[in-house]
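Biologist: I should like to understand how the descriptive terms for a protein model are justified. May we go through them one at a time?

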Amino acid sequence: MPNLNLDISSTAVIASELSKGNTANNQMAEERDLIGNARRVMDAARAAGIPVIHVAIGFREGYPEVSDRNKMFKMIKENGTLKASSEQMEIRDEVKPLPGEVVVSRPRVNPFYNSELESILKARNINTLAIMGIVTNFSVEATARHAADADYRVIILEDCCASRQREDHDHAIKYVLSMIADIASSQDFVESVR
């Protein structure tokens with residue numbers, strides 16, 4: 001898909017969970033130079049005037065956002081991980097937000113749930129989302145599913161995504177995301193916004 005036919009005025013890049021903790025020791029992310037690819041996408045988007053919106057998870061001290069009925073987040077609370085104030089949850093320096101860029105804090109896997117993301121996109125008249133991040137089969141997939149249901153055009157920047165296991169990433173791309181989104185590369189995006 002060499003040309004994505006983007007309307008630059010109504011497109012945004014969503015960079016999901018590019019934190020130090022999520023990218024550390026992620027073999028798939030390292031092998032595909034996910035951070036380098038994501039940086040090239042961000043640089044091209046910024047040069048074209050496309051907003052880059054960063055999505056980060058992180059919980060307050062004491063985890064008041066976490067219900068004991070939520071199996072996954074209850075385990076996170078019990079393990080004391082994903083604290084918003086921790087160094088592990090800081091966005092990597094290579095892809096950190098520039099002054100004025102929005103960082104959406106999300107309390108769940110789906111970044112649209114109980115956050116200001118939808119309001120930000122509507123205020124900017126965005127109807128196309130180029131999504132990248134970690135983990136492909138969790139936050140990236142949840143973002144894409146919600147966006148597709150809300151009638152956004154969804155583009156997955158495949159070489160800017162990674163899971164802990166290659167087969168999880170491949171399954172999400174082939175059997176889920178390809179049904180609801182255009183699958184493209186970072187290079188496809190860069191060439192489309194020049």
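Modeller: Let us begin with pairing: two strands pair if DSSP finds at least two bridges between them. Helices (H or I, at least four residues) and strands (E, at least two) are themselves DSSP runs, numbered from the N terminus. Please note that this is a predicted model, in which local features need pLDDT of at least 70 and side-chain atom pairs count only at pLDDT 80 or more, while totals for chains, interfaces and linings use all residues. Residues are numbered from 1 along each chain as its sequence is written, and side-chain values use heavy atoms, with hydrogens and water left out.

Biologist: What makes S4 and strand S5 a pair?

Modeller: The definition asks for at least two bridges, and S4 and S5 (residues 153-162) have six, in the parallel sense. They therefore count as paired. One of the contacts across this pair places Ile-131 opposite its bridge partner Ile-156 in S5.

Biologist: Which strand is joined to S4 by six bridges besides, and in which sense do the two run?

Modeller: Strand S1 (residues 11-16) is joined to S4 by six bridges, and the two run parallel. Here Ser-16 stands opposite Gly-133 of S4. Ser-16 also stands opposite Val-55 in S2, and S1 is joined to strand S2 (residues 52-57) by four parallel bridges.

Biologist: What is the order of the strands in the open sheet?

Modeller: The six strands are ordered S3-S2-S1-S4-S5-S6, with parallel pairing. Strand S3 (103-106) and strand S6 (182-184) stand at the edges; each has a single partner strand, so one side of each is left without a neighbour in the sheet. From one strand to the next, the twist averages 25°. In general, the strands of a sheet pair through backbone hydrogen bonds, either parallel or antiparallel.

Biologist: Why is strand S4 described as largely enclosed?

Modeller: A residue is buried under 20% relative accessible area, exposed over 50% and partly exposed in between (1.4 Å probe, protein chains only). Seven of the seven residues of S4 (residues 128-134) are buried, so the strand is largely enclosed by the rest of the structure. Both faces are covered: Thr-128, Ala-130, Met-132 and Ile-134 are buried on one side, and Leu-129, Ile-131 and Gly-133 on the other.

Biologist: What makes the unit of S4, helix H6 and S5 right-handed?

Modeller: A crossover is right-handed if, with the strands pointing away from the viewer, the path from the first strand over the helix to the second runs clockwise. S4, H6 (residues 136-149) and S5 form a β-α-β unit of this hand.

Biologist: How do you know that Cys-160 is in no disulfide?

Modeller: A disulfide requires a pair of cysteine sulfur atoms within 2.5 Å. By this rule the count comes to zero disulfides. For Cys-160, the nearest cysteine sulfur is that of Cys-161, 6.7 Å away, so the pair does not meet the limit of 2.5 Å. Both cysteines are nevertheless buried: the relative accessible area is 0% for Cys-160 and 0% for Cys-161.

Biologist: Why is the contact of Lys-20 and Glu-90 called a salt bridge?

Modeller: The term means a side-chain nitrogen of Lys or Arg within 4 Å of a carboxyl oxygen of Asp or Glu. The N to O distance between Lys-20 and Glu-90 is 2.8 Å, and the pair therefore qualifies. Lys-20 lies in helix H1 (residues 20-23) and Glu-90 in the loop between helix H4 (71-79) and S3, so the pair ties together parts that are 70 residues apart in sequence. Lys-20, at 22% relative accessibility, counts as partly exposed, as does Glu-90 at 39%.

Biologist: How many salt bridges does the rule give, and which residues are linked in a network?

Modeller: The count comes to 13 salt bridges. Arg-39, Asp-43, Arg-46 and Glu-101 are linked in a network. Within this network, the closest N and O atoms of Arg-46 and Glu-101 are 2.7 Å apart. Arg-46 belongs to helix H3 (residues 34-48) and Glu-101 to the loop between H4 and S3, 55 residues apart.

Biologist: Where do Arg-166 and Asp-170 lie?

Modeller: Both lie in helix H7, four residues apart, about one turn of the helix. Their closest N and O atoms are 3.0 Å apart, and they form a salt bridge.

Notes. Axes fitted to C-alpha atoms, helices over the stretch in contact; angles between N-to-C directions.
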